[in-house]
Amino acid sequence: MRYSVLFLLTCIAGGFLAQKPIVRLVVEPTQIEKGQPIQITVKANVQGQIKIDYPSAFIEGYSMANGMEQETDYNTGKIITLFYYAVDGTFKKEGTFTIGPAYINSGGKVYKPNTVSVTVKREIAAYRDWE
């Protein structure tokens with residue numbers, strides 16, 4: 001009897017603590033001009049080493065941010081804690097490029113999210129009024 005109660009409590013606690021891994025790759029904006037900066041963000045509810053696959057035409061910038069944020073799942077009413085890692089950069093060529101996936105190595109498991117396509121158009125020269 002004692003072991004069955006302990007087993008039941010362990011299962012209930014495990015059910016509350018267990019979370020389905022969430023890993024997302026977000027790129028903003030997805031349509032840019034050549035030389036325009038973009039931001040690439042990996043959001044996940046698992047922590048670990050992050051490696052992002054960039055196209056060869058991508059030049060990584062010097063800006064990087066990481067931290068934690070919370071989102072509410074309005075379907076279930078649960079609050080989800082996500083860790084994020086964001087970098088900026090630009091493209092040196094025109095065309096359509098695929099960013100990702102981003103690999104998160106955590107506890108011997110590797111998680112990889114979606115990939116995102118970015119369309120880079122030719123740079124439009126601005127009209128200069130002073131010339």
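Reader: What order do the strands have in the open sheet of three strands, and with what pairing?

Author: Strands of a sheet pair through backbone hydrogen bonds, in either a parallel or an antiparallel manner. In this predicted model, the open sheet of three strands follows the order β2-β10-β7, and its pairing is mixed. Strands β2 (31-33) and β7 (95-99) form the edges, each pairing on one side only. Direction ignored, neighbouring strands of this sheet are turned by 30° against each other on average.

Reader: How many bridges join β7 to strand β10, and how do the two run?

Author: Five bridges join β7 to strand β10 (residues 116-121), and the two run antiparallel. One position can be inspected directly: Thr 96 stands opposite Thr 119 in β10.

Reader: Which residues have the most contacts inside the largest nonpolar core?

Author: A core is read by its members and then by the elements that supply them. The largest nonpolar core here has 22 residues, and those with the most contacts inside it are Ile 38, Ile 40, Phe 91 and Ile 99. Two or more residues each come from β1, β3, β6 (78-91), β7, β8 (102-106) and β10. Strand β3 gives the most to this core, with four residues.

Reader: With which residues is Ile 99 in contact, leaving aside its neighbours within four places in sequence?

Author: With those neighbours left aside, the contacts of Ile 99 include Ile 38, Ile 40 and Phe 91. Leu 25, Val 27, Ile 52, Asp 53 and Pro 55 are also among them, as are Thr 115, Val 116 and Val 118.

Reader: How many salt bridges does the structure hold?

Author: The structure holds three salt bridges. For each, one may consider the distance, the placement of the partners along the chain and their accessibility. In one of them, the side chains of Arg 24 and Glu 71 meet at 3.4 Å, N to O. Because Arg 24 lies in strand β1 (residues 23-28) and Glu 71 in strand β5 (residues 58-73), this pair ties together parts that are 47 residues apart in sequence. Arg 24 is partly exposed, with a relative accessible area of 31%, and Glu 71 is partly exposed as well, at 24%.

Reader: Which strands hold Lys 43 and Glu 69, and how many residues apart are they?

Author: The side chains of Lys 43 and Glu 69 meet in a salt bridge of 3.0 Å, N to O. The pair links distant parts of the chain, with Lys 43 in strand β3 and Glu 69 in strand β5, 26 residues apart. Glu 69 counts as partly exposed, at 26% relative accessibility.

Reader: With which residue does Asp 53 form a salt bridge?

Author: Asp 53 forms a salt bridge with Lys 51, and their closest N and O atoms are 2.9 Å apart. Asp 53 counts as partly exposed at 24% relative accessibility, and Lys 51 counts as partly exposed at 49%. Asp 53 has already appeared among the contacts of Ile 99.

Reader: Is Asn 45 buried or exposed?

Author: The relevant cut-off is that buried means under 20% relative accessible area. Asn 45 has a relative accessible area of 12%, and is therefore buried. This residue lies in the loop between β3 (38-44) and β4 (49-52).

Reader: Which backbone atoms of Lys 20 and Ile 22 lie by a polar atom of the side chain of Asn 45?

Author: For a polar side chain, one looks for its partners. The backbone oxygen of Lys 20 lies 3.0 Å from a polar atom of the Asn 45 side chain. The backbone nitrogen of Ile 22 lies 2.7 Å from a polar atom of that side chain.

Technical notes. Residues are numbered from 1 along each chain as its sequence is written. This is a predicted model: local features need pLDDT of at least 70, side-chain atom pairs count only at pLDDT 80 or more; totals for chains, interfaces and linings use all residues. Side-chain values use heavy atoms; hydrogens and water are left out. Buried means under 20% relative accessible area, exposed over 50%, partly exposed in between (1.4 Å probe, protein chains only). A polar contact is a pair of N or O atoms within 3.5 Å; within protein, one must be able to donate a hydrogen and the other to accept it, and residues adjacent in sequence count only if both atoms are side-chain atoms. A salt bridge is a side-chain nitrogen of Lys or Arg within 4 Å of a carboxyl oxygen of Asp or Glu. Two strands pair if DSSP finds at least two bridges between them. Axes are lines fitted to C-alpha atoms, for helices over the stretch in contact, and angles run from 0 to 180 degrees between N-to-C directions. A nonpolar core is a set of buried Ala, Val, Leu, Ile, Met, Phe, Trp, Tyr and Cys residues joined through side-chain atoms within 4.5 Å. Contact means heavy atoms within 4.5 Å.
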